[in-house]
Amino acid sequence: MEKEILIPLDLAQKCVKCGLCKSVCPSYHGEEGSFARGRLALAEMVVKGELPLTSEVAKQWNECAMCRRCEWVCPNDVQYKEIFIKVRNLQKQNLGEDIVSKAGLKALEFMQSKAGRTALKLAGKISKVLPSEVKVPLPTGSVKFMPKPDGKPFSIRGKTFKAKNEKAKLLFFTGCMIDVFYTKTGESVIKLMNSLGYTVIVPEDIKCCGAPHLYHGNVEAFEKLKDHNLKEMERYDFDAIVVACPTCGGALSEDYSKDWEVLDFAQIINREGDKLKLVGKGEKVSFHVPCHSYTAMRVNPSEFYGAIEKVDGVDLKKASKAQSCCGFAGLWSIKNPKLSQKVQKEKIEDFKETEAEYVLTTCPGCVLQLRDGAKKFKANFEVKHLADFLAERLE
Ligand code: SF4
Ligand code: SF4
């Protein structure tokens, strides 16, 4: 039996009902319970015993993408994430976990187990004949273009990539999606960091960062994953952590209770990239700012634009909704296919207006979602992780 975690009413009551969070919420669809203010009010009523915790209440909570844009815009510093982890934990204890969350979170744990890695390495070999994105029917009735496992998943694990004239050591926390689907992006990060004089250490036995579990209120599973990862990371000597997935980066900086520096690779490029020779050909590019990069990791989006502008000759076309949610949010897009697709469509149409040839981003989940959206809504641009775009132009 999991221990009960109390919802701190004093935190929820900091909400002054201004409604500012409505304007930035990707899940808002006209009902009070479909954005932060209403969801917090429901939580308060449930905790006070004024409202039973029914599946109708849980539906409003399940529609939250945990993008944390409400927290980012809130003038009264309402700590939505802290409250909502506890809300979802309460929901899990009273109503159980829905089948998609249960299966999805278990799949993330399996992917990084010994058996999972063996199976995925085999799948990577077999799927070489498939196109890069495969149309997959999802249990909630929608269809998504999903990446196939990389041809050599986990191949950068357990290795140290030494820089010439090493100035510092970075531990690269790759994250599940880079490990399994986008290994080349991991190689790009290593190439860029090595060029700047950073030795890159990729630990051997890292599991999921646990953020998906935490955001679903599965605190026990998160704690287990965190303890495992901390034990593994303690084996290495490093100066800072580098990530190419802002959800991992957010968990490592906010939830691992360690006094360490966690940097997005793009921040390092922005700060030190003048030393690199990045040569473009006048490509028109646009950028999607992943929600967790500024809400959880607290990276200033100007750092991403700064990194892109290190490429000589690149033509940056900012989209008007560059900072809005892409509609992925992990399992949320599977559990809420209609909402997810509505947000995704708006995003793709906005990028079409920029006439960009490339839409870049710094989150592998956003790459998946934007590629799926570009196919569904017939966009001409190519979606790339910023690390790949930069590494391909490095001379
Ligand atoms: S922005 Fe903050 S204070 Fe205003 S309604 Fe939303 S949560 Fe409450
Ligand atoms: S976390 Fe995102 S989806 Fe959830 S209430 Fe806040 S803004 Fe809306």
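In the predicted model, the axes of helix α3 and helix α5, the latter spanning residues 80-95, approach within 11 Å of each other and cross at roughly 145 degrees. The crossing of α3 and α5 is left-handed. On the α3 side, the contact involves S55, A58 and W61, which meet V87, R88, Q91 and L95 of α5. Sorted by class, the residues that join α3 to α5 comprise four nonpolar, two polar and one charged.

Helix α3, which covers residues 55-62, also packs against helix α2, formed by residues 36-47, and here the two axes come within 10 Å and cross at roughly 145 degrees. The crossing of α2 and α3 is again described as left-handed. Residues G38, R39, L42 and V46 of α2 make this contact together with V57, Q60 and W61 of α3. The class composition of the contact between α2 and α3 is four nonpolar, two polar and one charged residues. W61 of α3 thus appears in the contact with α2 and also in the contact with α5.

Two ligands were examined through the residues that surround them. Around ligand 1 there are 13 residues, of which C15, C18, C21, R37 and C74 come nearest. The shell of ligand 1 consists, by class, of nine nonpolar, two polar and two charged residues. Around ligand 2 there are 16 residues, and those that come nearest are C25, A36, C64, C67 and C70. Helices α2 and α4 are the elements that contribute two or more residues to the shell around ligand 2. This shell around ligand 2 divides into twelve nonpolar residues, one polar residue and three charged residues.

With regard to domain organisation, the protein is divided into domain 1, which covers residues 9-95, and domain 2, which covers residues 276-392. The centres of the two domains, taken over C-alpha atoms, are separated by 28 Å. Twelve residues from domain 1 and twelve residues from domain 2 take part in the contact between them. On the side of domain 1 that touches domain 2, the largest share, amounting to three residues, is supplied by helix α4, which spans residues 69-73. The residues on that side of domain 1 are, by class, five nonpolar, three polar and four charged. Helix α4 therefore has a part in the account of the domain contact, where three residues come from this helix, and in that of ligand 2, to whose shell α4 gives two or more residues.

Taken as a whole, the protein contains 19 helices and eleven strands. Its radius of gyration is 21 Å, close to the 21 Å that the globule rule gives for 395 residues, so the protein is as compact as a globular protein of that length. Along the principal axes, the C-alpha atoms of the protein fill a box of roughly 65 × 50 × 40 Å.

Notes: Residues are numbered from 1 along each chain as its sequence is written. Chains are lettered from A and ligands numbered from 1 in the order in which they are written. This is a predicted model: local features need pLDDT of at least 70, side-chain atom pairs count only at pLDDT 80 or more; totals for chains, interfaces and linings use all residues. Axes are lines fitted to C-alpha atoms, for helices over the stretch in contact, and angles run from 0 to 180 degrees between N-to-C directions. Helices (H or I, at least four residues) and strands (E, at least two) are DSSP runs, numbered from the N terminus. A crossing is left-handed if the near helix is turned anticlockwise from the far one by less than a right angle, and right-handed if clockwise. Two residues are in contact if their C-beta atoms, placed from the backbone, lie within 7 Å. Ala, Val, Leu, Ile, Met, Phe, Trp, Tyr, Cys and Pro count as nonpolar, Asp, Glu, Lys and Arg as charged, and the others, Gly among them, as polar. A residue is near a molecule or strand if its C-beta atom, placed from the backbone, lies within 6 Å of it. Domain bounds come from an automatic or database domain assignment. The radius of gyration is taken over C-alpha atoms; the globule rule is 2.2 Å times the number of residues to the power 0.38.
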